[in-house]
Every structure is written in structure tokens, then in C-alpha cells.
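Hello,

I am passing on the structure below for your work. My notes on it follow.

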Amino acid sequence: MSSTVEAPLFIPPRPDYPGEMPSFPAFLRAVRTNALLMWPDYAYERDVVESRILGRAQMLLNAPEAIHHVLVGNPDNYRRTPASIRILRPIAGRGLLLSEGEDWRHQRRTIAPAMAPRVIPMLTRHMASVTQEMIAALATREGQPVNLLAAMQSAALDIAGRSMFSLETREFGPEMRALLTEYGFRLAQPHLMDMVLPPGIPTLRDLRRRRFQARWMALIDRIIDSRPATGVADDGPRDLFDLLRDARDPETGAAFTRPQLRDQVATMIVAGHETTAITLFWSLYLLALDPAEQDRLAAEVHGPNLGPDGAADALGRLTRTRAVVSEALRLYPPAFTLVRAAIGPDQAGAVAIPKGAILMISPWVLHRHRRLWRDPDAFDPSRFLPSAPTPPRFAYLPFGAGPRVCVGAQFALAEATLLLAAMIQAFEIGLDGDQPVMPTPVITTQPNRAPAFLLRRR
Ligand code: HEM
């Protein structure tokens, strides 16, 4: 698969946007079934799109200075919404993602050192060994249709299990996946009542969510209990759980209680593994559709030692691979919308925000905004190469921004880059069939189906 001719930019699949702002029932249907259809085509070229839902202002913000103000300038004026809390609480408990105010500050201060860049080398070993096993298993399927979505999901879960608990997830992985899938399809889609009722008043669906939460947290407790008890002593921390258990708030000296630790672990698994798995899936899908780009990547990854001993060193040199991951995160951002409720009135750049307004900052829309990006719908990783002009600030937010920026961003980027590099080092990757795969948000930006890929050893 070698080519001397530059492949033309290609436009990967995306849904057709509605021509007009959807009616209220159509909006609600879109929120439940495909949130990428919530905004009309013109949203992709405006600074702000306003609507009213049951008398409440709802604003999609695309202007970088307004987004900067909300996420960085005055974040204390903005909270997670009742709907987000209802939907995420059963799977993320009272961990970092859903905490607010002083509780959030304590949790963030305590966790931050455990997720700092200096911890990455400890984690790349786990990432590389899981990757080697995955590639050995895939190599036995050469020439046969393979489901790379499932392979990425199980590798990401395995990496979460090992880096967090030094545990093989073979025992718990299937149960965990089954529970999260059940939740995603049965209880995670927001309904009208989720949006209008305050979090203190449960809906019928909330009661089912609470029953689910009891089962999910019991599983996390079992996983924590089955962690190998030995090996900590003088060797330093083995994994993220050791770091979190020993972490102290630098201001108060407080450690996490056992229930807090459990909720933190649940949060990291939920926030971390599916997001990274689909980043990998979309990266592989894009490369399968763009053989010329795949060739360029193959040249970069030919040679470096991506095994457990070499991965940490190789990481910094995989600039083209990292650019593909960044471009996949632009085109198919796993967190497709950040939602906030304004506690008080505010002025965000040119945008006046009334008290109680629901603000949406949508990486999906923002990353494809026609005034902010050149060829916004095209796959062009070179825009993220170190030599390229820096992307517009606050127009690229796959990990959010400001004090609540993703705490696992370095972890996720290291994992996605290493795993993608190892896949391209091992295989030429193609697709079996040409039916497009569409992005469909179910908590994260999922593919609407798992296409069959074909692998050939390089
Ligand atoms: C490609 C993978 C990932 C993406 C796209 C992603 C995206 C995001 C985004 C957009 C936010 C901010 C949400 C907001 O402001 O409302 C966030 C927060 C968070 N992420 Fe990630 N994430 C990824 C991987 C991870 C990983 C691997 C972990 C943990 C190991 C993690 C843990 C968290 C946590 C705990 C928060 C909440 C932070 C806070 O509120 O202080 N994420 N993530």
C-alpha cells in the first residue's frame, strides 16, 4: 500500500443536519435518540444559537471568547444540570465528575497528583502489555472479518483494570461491560422529566437508576476487594488505586474515605474507558478509509519499540500518530456536549446570559464550525502536526477546559497514541464493505454499528 500521490482530503460520514431549529417535540426526540440532530445547519456558522425550552433560555455557545468566559473566566457561576446529575450519578456516584463547590475542590486537589504527567511512564507499561496481547490475538484472525470496536473496548477496559487495580479484567470485564451497556441503552437517555424536575424529586426512571446504581457500585466494591493485597511496601505505588488510596488533600491533609474511593474508581472507569475506546475506534476507522494517511503513519511507527520497556520513550516521538488521534477527537469528540446551568446572570464576551439559562458548549458543533476551521468536515491530521499553525483557542475542546478540564487527558492521549501506533505497526487495516458508519451519541459519540475490519500483517 504505497503511494506517491497525496490522497485528496476526504469527508468522513456525518449525519445531515436539520435545515431549521427543530420543534419542541423534535428537539426532545433528538435529545433522546440522536443529540447530533438537536441543532440546525446554521448553528455551524453562528456565534450563539438561542432557543427556549419550557420558558427557559437555552444557548449553544460557539464564540471562543464566550466559551473561555464560562469555562475559565467565571466557572463558579455554572453548575452541572439536574439532567446530567440524574443520568451520571448512578454510574459515577459522588466522585470528581459530579461534585461541586468545596467538595469538588477537595477531590480535585487530592486526585491531581495521581494523574500528573510524571505518572504516565508507570501507566505506559500496563498499556503496552495489554496492547501486545491484543495484537497477538488479532494476528490469529488475519484475513478474516474482525470487530475492532469490541477489541478496542476490551483493551481499554483491560488497561483501566490493570492501571487502576493491577488486575486482570478477564474476571470482571464482561460483567462490567454488560452493566454499562444495559445502562447506556435503557436508562441513560434524557427524558422531559429529567430536564424539568429538580434533582431532589425522583422520577420513576430515577428509581430504576438507583436500583442500577446499587448493582454497579456492588461490582466496583467486589473489584476493589479482590485486588492483590501484597506488593505495595517498598516498591512504591503499583497502580492508580495505590496512588488514590494514599493521596492526601495538600491543604487539609484529608484522605478519601472508602465510599469516596469507590465512587472515584467508578468515575474513572466510566469517564475513561469508553471515551478512549471510541477514540481508538474512530481513529482506526478514519485510517481504514484513508490508506495514504495510513501509509504515512506506517512510516512513523516502523522501528520504535512500543513494548512495555520502550513505550514511554517512544511516546514523545509519535507526532503523526498523535495528530491522527487529535483529528479523530476533533471529528468524533467522545464528549459531544458540555452542559451547564447559569446560577446567576452573566456577560460572556458579547453574549448576555440570563440567570437559570442552560448553556451548551458542544465540541461536536465547535469542531466543525465553518468560521473557525478550514475544511471543517474533512479528515486532515496534518492540521495537528507540530509544524502546523496552532488550532484556534477555545475552538478545540475534546477534553473541556478550565478548572474542570478532563483529569485523565494525558492518560487518554498516551493510551490512544500508543495503541494506535502499535496497531499500525502490526497491521495494514482495511474495511470489509463500504457502508458508512454513523456517529450516534449514547452518553459518548458511539458508532451506530460495529463494522467488520480486515487486517493484514505488515
Ligand atoms: C479520549 C478520552 C477522554 C475524553 C474525550 C474525555 C473528555 C472529558 C471532558 C470533555 C471532560 C469535561 C466535562 C465537563 O467540563 O463537563 C472530562 C472530565 C473528566 N474526565 Fe475525561 N475524557 C477522556 C478520558 C478520561 C480518562 C482516561 C479519565 C480517567 C482516568 C477521565 C476522567 C475524567 C474525570 C474524573 C473528569 C471530571 C473532572 C472534573 O470535573 O474535575 N477522562 N473528560
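In strand E5, Ala342 is the bridge partner of Tyr78. Please keep in mind that this is a predicted model.

The sheet. Strand E5 covers residues 338-342 and is joined to E3 by two bridges, the two strands running antiparallel. Both belong to an open sheet of five strands with mixed pairing, in the order E1-E2-E8-E5-E3. Strand E1 (48-53) and strand E3 (78-79) are at the edges with a single partner strand each, so each has one side without a neighbour in the sheet.

The ligand shell. There are 22 residues around the ligand, and those that come nearest are Gly272, Thr275, Gly400, Cys406 and Gly408. Helix H11 (258-289) and helix H16 (409-426) are the elements that give two or more residues to this shell. The largest share, seven residues, is from H11. By type, the shell holds 13 nonpolar, seven polar and two charged residues.

Met127. This residue is in helix H5, which spans residues 120-139. Is Met127 buried or exposed? Met127 has 29 C-beta neighbours inside 10 Å, and 20 or more are enough for a residue to count as buried, so Met127 is buried. Leaving aside residues up to four places away in sequence, Met127 touches Ile159, Ala311, Ala414, Glu415, Leu418 and Leu419. Phe24 is 103 residues from Met127 in sequence, and the C-alpha to C-alpha separation of the two is 45 Å.

Regards

Key: Residues numbered from 1 in each chain as written. Predicted model: local features only at pLDDT ≥ 70, side-chain atom pairs only at ≥ 80, totals over all residues. Helix = DSSP H or I, 4+ residues; strand = E, 2+ residues; numbered from the N terminus. Buried ≥ 20, exposed ≤ 12 C-beta atoms within 10 Å, placed from the backbone. Contact = placed C-beta atoms within 7 Å. Pairing = 2+ DSSP bridges. Near = placed C-beta within 6 Å. Nonpolar A, V, L, I, M, F, W, Y, C, P; charged D, E, K, R; others polar.
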